[in-house]
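User: I'm new to reading protein structures and would like a close look at a single part. Could you walk me through the place where the parts of this chain meet?

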Amino acid sequence: MKQSDVSTLITDMGATFTRIAYIDSEGAISHIRKYLSSDFPSPTELIKQYLRDVTPPAPQQLLMAIAAPIQGDQISLSNNHWHFSLKEMADQLSLKVKPFNDFAALAASLDHLTEREVVKIDSAQECASPFSNHPKAVIGSGTGFGSALLISTATGSFTIAAEGGQALYPPQDQEEIAILKLVEQTLHRPVTIEDLLGCQRGIPRLIMAMAKIYGQTPVDFSSAKGLLAAALEEKMPFAIAVLSRYCAMLGNVAANTLLTSGALGGVYIAGGFAPRFESFLLDSPFREAFCNRSHIDEILTQVPTYLIKHPYATLIGLKQILSNHYQS
C-alpha cells in the first residue's frame, strides 16, 4: 500500500490548543485548523467538529501528537481535562488511531525545517558544527514543559520521547537557589523544571518568587502573557529581570539536556511561549547560561542552539513519521 492510497488526518493535541490538518494524496499538509482545546469535552468531539468544518475526503487513519505520556489505551493530558480511550476514539471515528508523544513528533521535524523556519540563538556562531551527525534535542514551554531526542542512523532516524519537564531543576547561582527555596515552600516537595518554566503554573511561580526577592509586592502581572506585556511593551524593569532570568534558566536546562543525552547535534527550543519573544531571547543570557560549564565549555560553544519559528512544526513531524512508515 502506498501513502497516496490512505487518507490521513494529523493532529497536534495540546493542553491549550489543538492543531489539526489533512494529508492529501500528494503527501502535502492542507486544511490546517486551530482550536481551543477547552472548548470541547473530548478530542473525539473536536475531530468531529473539524470534519464538519473542512469536509475533506473521508479519512482512514489518524496520527495524533499528544501532550502526554503514551502508555496503553488510556490517555490523560497533563494540563487539561481530557481523559480518553484510544480504542473508543477509534471506534467512534471509524479510524485507525496512532498516538505519539507531542515532543517526539516535534523532534521528527528537526531535519525538515528550512533556515527560515528556525533561527540560531547564538548569532556569533557562524562556522558549521563538527557534531552535525550527532543526536539532536528539542525542549520547550507550552502549558507544561516537554522534551525529546532525534537520533539519526545509516538506515534512517527515530525519536525518543522524554519527560524532561519532570526532572528536578538545578539552580545555577544564588538567586536561583533563593527562588527554589521559595517555590519549594509552597509545593512541599522538590522543584521540577516544569514547576518554574511551564506557562500554566511554572511562570506564575517564578514571578511570585522573584517578586519576594526583589521586594515587588503586589505584582502587577502574574501570568506568562502578562509577563510578556510588562517586559516587551511596558518595559517594566522587574518584568525584564524575570524574563531575563527565564531565558537564563532555559539555557541552563538546554545545556543539561545536551550533557545528559549526548545531543551534540544541537538543541532546539520549541513550544508556544519562546517564539513570542524571539528578539528578547536572542539578546538574553540564554547562551551565556548554556555555555557556563568551565570544564566543558569548549564543546558547548560549538553546539548550535535554535528557536523553532514554524507554528506547525509538530504537524511536519507527523507527516515525516507517516512518510517513513510507507517508505519502510
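Analyst: Here is a walk through the meeting place of the two domains, followed by a short look at the cysteines. Keep in mind that this is a predicted model.

Let's begin with the layout. The domain assignment places residues 8-102 together with 313-326 in domain 1, while domain 2 covers 118-308. Measured out over C-alpha atoms, the centres of domain 1 and domain 2 lie 28 Å apart.

Now to the border itself. On the domain 1 side, 6 residues make contact, and they touch 8 residues of domain 2. Putting domain 1 and domain 2 together buries about 570 Å², and carbon and sulfur atoms account for 39% of that area. On the side of domain 1 that touches domain 2, you will find 3 nonpolar residues, 3 polar ones and no charged ones. What is the count of salt bridges between domain 1 and domain 2? The count is 0. There is, however, 1 residue pair in polar contact between the two domains, with both residues at pLDDT 80 or more.

You might also wonder about disulfides. A search of the whole structure turns up 0 of them. Why does Cys 199 have no bond to Cys 247? The cysteine sulfur closest to that of Cys 199 belongs to Cys 247, and at 12 Å it is too far away for a bond, because a disulfide needs two cysteine sulfur atoms within 2.5 Å. Cys 199 is also buried, with a relative accessible area of 17%. Cys 291 counts as buried too, at 16% relative accessibility, since the cut-off for buried is under 20%.

Technical notes:
Residues numbered from 1 in each chain as written. Predicted model: local features only at pLDDT ≥ 70, side-chain atom pairs only at ≥ 80, totals over all residues. Heavy atoms only, no water. Domains from an automatic or database assignment. Contact = heavy atoms within 4.5 Å. Buried area = accessible area lost by both parts, 1.4 Å probe. Salt bridge = Lys/Arg side-chain N within 4 Å of Asp/Glu carboxyl O. Polar contact = N/O pair within 3.5 Å; in protein donor to acceptor, adjacent residues only side chain to side chain. Nonpolar A, V, L, I, M, F, W, Y, C, P; charged D, E, K, R; others polar. Buried < 20%, exposed > 50% of the residue type's maximum accessible area, 1.4 Å probe, protein only.
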